[in-house]
Amino acid sequence: MVREFELPDVGEGVAEGELLRWQVEPGDSVSEDQPVAEVETDKAVVDVPSPVDGVVEELRAAEGEIVPVGDVIIVFRVEGEDEPDGTETAPTDDTTADSGHQTDEEAPTQPAEDAQSEPAVTQRVQVAAPPSVRRLARELGVDISSIADSSLGRITESDVRAHANTDSHSSSQEQSNQQTAAAERQKQQATSTQSVSSVQARETADRETTVAVPKTRHVAAKEGIDLDTVPTDERKDGEPFVTLETVQEYAEAQQQAQKTDREAVAERAAADEPARPESRKPYKGIRQTIGSAMTSSKYTAPHVTHQDEVDVTALVDARSTLRQEAEEHDIRLTYMPFVMKACAAALQENPQVNISLDEANEEIVEKQYYNIGVATATDDGLLVPVVEDVDAKGLLEVASETNEKTQRARERSLSPEEMRGGTFTISNIGGIGGEYGTPIINQPESAILALGEIKKKPRVVEADGEETIEPRHVMTLSLSFDHRVLDGADAARFTNSVQKYLRNPNLLLLE
């Protein structure tokens, strides 16, 4: 029996997805829950499992195609179920009229014989490669299944690049030839267009007198046409005579000639320009989703950014002390877990920041849970994995979960559910370099904090009643907030609380 399988909603609210790669081919036997395809939604790359045990009959979508949820993407032939209307009977003479269809239907009933007679066709190679390598292969236009791995059973980035380079010379030569041909075509078109406009321009008269009715003269003056230049064979009272229709046609011809001349000049200029090394790629997927979300947030919520700096010398010392102990637990300890804990504590002290605006119901939603999102740069754009209940977790637990989720975000293996439910977001621009920024709120949250690079700066330090200038470690903070629901005083109080914990990280031990 044939089963058609529609693309399911692989993420909450997803309307469509890009079919990145088929993991099966027609004729392959599959079992229930076996991945048959990789689909990229606007937030993640997910495997689509088979709903049945059976044989792949037909693939209805091509790799790289955008498929709406609900469209049939694959057809299975389910073993052990009868065909309707007795089609399971033995072949008769009628099969000669539809031999190709009959052969396909018979294939699943004799898998062993097929495997022996046509092993090269029926044996499918499973390619082991991480998502980042598969993505690189797609970007370089390389069929990853044709690559021989150089490492221990996994295709690496180096394998893909080496394979791509083998065809680079011929591809470059072909591209050069195409650019030369295009430039030649542009020159030919420009020359042809120029000739036409020149002929039209010569089709003018040169008289001393012309007879016309007042309305015709009025129209000619309005169009800037000299009646003595309008060609005509008509005469009135022995003098050349032009009608209104003649003047209008002449005006249109002149305008078209001028337009053609302008286009020819522009084309010649374009043809003379040297070919620039540039390429284009579709604006879609996560990049498009990020763009839409940022645009909506920027032009919906009135953003205000509160900026400050904090002396984190004690935090630098604390992290240095705890890092070795964290490594003993196989945990990489960065500054981010400290900041996440500090923000969770500050949100508890300033609950007016841990809110969202429900515009549909005209309500302000006050949240008593503290889920912190961490903006993570990936090859495809910014993703925000969420660590839930940061206030209730220890520092190392927060560090471990953050490391694990940010790594999976970079590999595009994070599920959409793991990027939802945040109440506050942190963006670390200092990891790349830079001090201040104007981060855009990750709606429906009401605020987002950007961390600047920690730098040594001179600061006035007061101790035992004396002031001295010392080099201190200083971090900058940029808090963007939704001015519809938060005021500048709210932002300042919240930032002060964050600074308190970052200046004295020992306070986090009490959280």
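Colleague: Let's start with residues 190-202: how many contacts beyond four places in sequence does the model have there?
Modeller: Keep in mind that this is a predicted model, and pLDDT stays under 50 over residues 190-202. Where pLDDT is low, the predicted coordinates should not be read in detail. With that caution, the contact count for residues 190-202 is 14.

Colleague: And over residues 84-126, how many such contacts beyond four places in sequence are there?
Modeller: Same caution here, since pLDDT is under 50 all along residues 84-126. For the chain overall, the mean pLDDT is 81, with 78% of residues at 70 or more. The count for residues 84-126 is 21.

Colleague: How many aromatic pairs turn up?
Modeller: Rings pair if their centres lie within 6.5 Å. By that rule, the count is two.

Colleague: Is the F5 and F76 pair stacked, edge-to-face or tilted?
Modeller: Planes under 30 degrees apart would be stacked and over 60 edge-to-face. The centres of F5 and F76 are 6.3 Å apart, and their planes sit at 55°, so the pair is tilted.

Colleague: Which strands does that pair link?
Modeller: F5 and F76 are both buried. They are 71 residues apart, so the pair links distant parts of the chain. F5 belongs to strand 1 and F76 to strand 8.

Colleague: What about F424 and F494: which helix holds F494?
Modeller: Their ring centres are 5.2 Å apart with planes at 55°, so that pair is tilted. Both residues are buried. F424 is in strand 17, 70 residues away in sequence, and F494 is in helix 13.

Colleague: Which residue lies over the face of Y335?
Modeller: Look 4.6 Å from the ring centre of Y335. The residue lying over that face is R319.

Note on methods
Residues are numbered from 1 along each chain as its sequence is written. This is a predicted model: local features need pLDDT of at least 70, side-chain atom pairs count only at pLDDT 80 or more; totals for chains, interfaces and linings use all residues. Side-chain values use heavy atoms; hydrogens and water are left out. Rings of Phe, Tyr and Trp (its six-membered ring) pair if their centres lie within 6.5 Å; planes under 30 degrees apart count as stacked, over 60 as edge-to-face and the rest as tilted. Helices (H or I, at least four residues) and strands (E, at least two) are DSSP runs, numbered from the N terminus. Buried means under 20% relative accessible area, exposed over 50%, partly exposed in between (1.4 Å probe, protein chains only). A charge sits over a ring if NZ of Lys or CZ of Arg is within 6 Å of the ring centre and within 35 degrees of the ring normal. pLDDT is the predictor's confidence in each residue, from 0 to 100. Contact means heavy atoms within 4.5 Å.
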